[in-house]
Amino acid sequence: LQRSIESLSYYNCILRVFLYNVPPPAKYGGQHTVTLIPGDGIGPELLNHVREVFRFSCVPVDFEVVNVNSSRADEDDINNAITAIRRNGVALKGNIETNHTMPPSFKSRNNLMRTSLDLYANMMHCQSLPGVQTRHKNIDIIIIRENTEGEYSSLEHESVSGVVESLKIITRLNSLRIADYAFRLAREKGRRRVTAVHKANIMKLGDGLFLQCCREVASGYPDITFDSMIVDNTTMQLVCKPQQFDVMVMPNLYGNVVSNVCAGLVGGPGLVPGANYGRDYAMFETATRNTGKSIANKNIANPTAMLLASCLLLDHLKLHEYATTIRNAILTTMNETRLHTPDIGGQGTTSEVVQSIMNIIQKTGPRTVAYY
Amino acid sequence: MAVASLRRSVLSLNRTLRGSWCQAPDLRPVCVSACQRTPERSSVHARNTFKVTMVPGDGVGPELMRAVREVFKAADVPVEFEEIHISEVHNMASEEKLDQLFTSVRNNGVAIKGKINNPMAYKGDLASYEMKLRRKLDLFANVVHVTSLPGYSTRHNSLDLVIIREQTEGEYSSLEHESVKGVIESLKIITREKSHRIAKFAFDYATKKGRSKVTAVHKANIMKLGDGLFLQSCAEVAKLYPKIKFENIIIDNCCMQLVRNPYQFDVLVMPNLYGNIIDNLAAGLVGGAGVVPGESYSDEYAVFETGARHPFAQAVGRNIANPTAMLLSAANMLRHLNLDYHSNMVSEAVKRVIKQGKVRTKDLGGYCTTEDFTFSMGK
């Protein structure tokens, strides 16, 4: 019996590799390989800082840099990046700018990556950081946003001149999948309540289906309270009393809006990391996905979001020691008000913040290598 | 009955050879930002000193290791060696020593070793200590980077070639039996999973080092199913790397091409036995077994050694062995440990000494001893 079980799992692995074309993880000699996509705006400089910190702390991660040129109309670059992520399984990326004036056949590069790799869940954890002054305190919300369908299906057409139809797609399968992800995450993290955000009073069939799927999944998790809230009420409650929310799950567009509101509540786009998870791949970036073109190369961007995203990456690769070291260093640096970057009201520069983080890692961490 | 025992041994081999990633495929666990800590390598070292396992091995191994220690002392490298003496031929064969070695490498993650010689006569165990080490630690990939040394001219100059060899299966499965008296059957095992793994390693290595071509070496015209599977797996993995050219060549043609025109090759990937042969052949092209470093990788561990793995027992005590291979391998180890500065220092020193041509050991045509070489490197 044991032999048959073993052979079954062995053949299951083979099946997994060939049916779903997922290669073995790229880890050799203890070193992981991660795809790095610099993107535009502040992406390249922040990702350089991430690389610096990793090298300094002897993190066993090698980055494979894949550049995607956002101004080119052909899809070679982005296909190359997607193949690289399929090979390595994990990616860390900056935001790639999408030009609004291009024709509709030119799909958003970021969206293309999320749909091709089926990264169906976007998770963002908003927590009030102790050193940052905000109007609201003690916020701790996890936002789970469906990442592949909804309003972002890129299906639009002009059937009659002057009349444009945009299709919002909600499917039962994807809604069940995202609801299941949300409840599993809530259970794993010990959360008590999941709130579904919707607009089913207006989009009765679309968001109605989403809500129904969430209710079905909720019935399988009796220890977690499930409730729902309409998106307009949600945004108002978020700015009045954000402490009432625990875990929130929602379709794509509402997720975009709500996650930006929450990021603003805890201190701004420079502080919150985001993660995109699929069944086989994972991609880490900042939560609000800003390109930051206006502050690019001025040494004033806040590296916290990207560095915390890299800590999420390390947790995903099961390198928890390194993740906690870097995270603690970041939080300790956050407590120093004179090291705050302009977006959170200080006057420090990006390099000062990164240097302080590296100094703290050197004092507290297991081992560092520095060359001057 | 022989077939049943054979099948049993194949299944047990399969179980032990199976890679670490092959578990039941369920959904990736839901990832959270601060999960429970899983126990990693338990030792946290004194800040800024790296701990490395050292296995001197047989033959000239101990002398070469002494050379490495002296050079590290001169360069002030923050590496601490944990020595484990193990040998199969000198009546020191013991299972406890082997287990001690495994735990040591598991804790430290990195090892540097000389060759542990295998006794020629059959002493009851078909697998040698080195094979056991490779299987237990799953060191599936062996990389030998063959480069011409500047300043030492051979028949082929400025050669730059990487040989990647699958190290855990193939002809080295140590499955042999005598079913009928006077008739021996040796099994060569090729599995799809391992061929995929080594092919992916080869392509990932090529991507990381910016190489443009990977050539698979095989004998699929004769071993249609075995090497055919290897070739098919390589071709499948090649699809994920559109920027890297994939070719294949039969082993006999490959050997001939290597001695006529080795510049046509970039990265070579192959099963176990062919790898052994091509490693030594390529080492001979640039100057012999004393100048080529090699490393073995698993998912978690890296073991650094010479490329050609000869114990060179005739030279023990005579102080004529060439420490270049071991020193270059030590430099690679330092690079793996993220000590780039020290790594460059050691490799530059080696290359400078060879380029100057004044101090050369016997195999490179000079008359100096190992100690002279190390001493001049220290300067």
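**Exercise 1. Strand β5 of chain A**

Find which strands pair with β5(A), in which sense, and over how many bridges.

*Solution.* Step 1: take strand β6 (residues 140-146) of chain A, which pairs with β5(A) in the antiparallel sense over 7 bridges. Strands here are DSSP runs of E with at least two residues, helices are runs of H or I with at least four, and both are numbered from the N terminus. Two strands pair if DSSP finds at least two bridges between them.
Step 2: strand β12 (residues 273-277) of chain A also pairs with β5(A), again antiparallel, over 4 bridges.
Step 3: look at A:A121, whose bridge partner in β6(A) is A:E146; in β12(A), A:A121 stands opposite A:Y277.
Step 4: check burial. Buried means under 20% relative accessible area, exposed means over 50%, and partly exposed lies in between, with a 1.4 Å probe and protein chains only. In β5(A), residues 121-127, 6 of the 7 residues are buried, so the strand is largely enclosed by the rest of the structure.

A note before you go on: this is a predicted model, in which local features need pLDDT of at least 70 and side-chain atom pairs count only at pLDDT 80 or more, while totals for chains, interfaces and linings use all residues. Residues are numbered from 1 along each chain as its sequence is written, chains are lettered from A and ligands numbered from 1 in the order in which they are written, and side-chain values use heavy atoms, with hydrogens and water left out.

**Exercise 2. Aromatic pairs**

Classify the ring pairs A:F54 with A:F63 and A:Y277 with A:F284.

*Solution.* Step 1: recall the rule. Rings of Phe, Tyr and Trp (its six-membered ring) pair if their centres lie within 6.5 Å; planes under 30 degrees apart count as stacked, over 60 as edge-to-face and the rest as tilted.
Step 2: a search of the whole structure finds 15 aromatic pairs over all chains. The pair A:F54 and A:F63 is stacked, because the ring centres are 5.6 Å apart and the planes are at 25°. Both A:F54 and A:F63 are buried.
Step 3: A:Y277 and A:F284 form an edge-to-face pair, with 5.8 Å from centre to centre and 85° between the planes. A:Y277 and A:F284 are buried too.
Step 4: now cross to the other chain. Ring pairs link A:Y28, B:F140, B:F201, B:Y205, B:Y297 and B:F304 into a cluster. One of these rings, B:F140, has B:R197 over its face, at 4.1 Å from the ring centre. (A charge sits over a ring if NZ of Lys or CZ of Arg is within 6 Å of the ring centre and within 35 degrees of the ring normal.)

**Exercise 3. Two polar side chains**

Which side chains make polar contacts with the side chain of A:D62, and is A:H198 buried or exposed?

*Solution.* Step 1: A:D62 lies in strand β3 (residues 61-65) of chain A. A polar contact is a pair of N or O atoms within 3.5 Å; within protein, one must be able to donate a hydrogen and the other to accept it, and residues adjacent in sequence count only if both atoms are side-chain atoms.
Step 2: the A:D62 side chain meets the side chain of A:Q31 at 3.1 Å and that of B:K208 at 2.9 Å.
Step 3: turn to A:H198, in strand β9 (residues 193-198) of chain A. With 6% relative accessibility, A:H198 counts as buried. A polar atom of the A:H198 side chain lies 2.9 Å from the backbone nitrogen of A:A200.
Step 4: contact means heavy atoms within 4.5 Å. Beyond four places in sequence, the contacts of A:H198 include A:D207, A:S228 and A:Y254.

**Exercise 4. A crossover and a helix in chain B**

Trace the chain from β8(B) to β9(B) and give the handedness of the crossover.

*Solution.* Step 1: strand β8 (residues 213-218) and strand β9 (residues 245-250) of chain B run parallel, joined by 6 bridges. B:A216 has B:N248 as its bridge partner in β9(B).
Step 2: the path from β8(B) to β9(B) goes through helix α6 (residues 226-238) of chain B, and this β-α-β crossover is right-handed. (With the strands pointing away from the viewer, a right-handed path from the first strand over the helix to the second runs clockwise.)
Step 3: compare helix α4 (residues 129-137) of chain B, where 7 of the 9 residues are buried, among them B:Y129, B:L133 and B:L137. After α4(B) comes B:D138, with a positive phi near 55°.
Step 4: set these in the whole of chain B, which has 11 helices and 12 strands. Buried residues make up 56% of its 379 residues.
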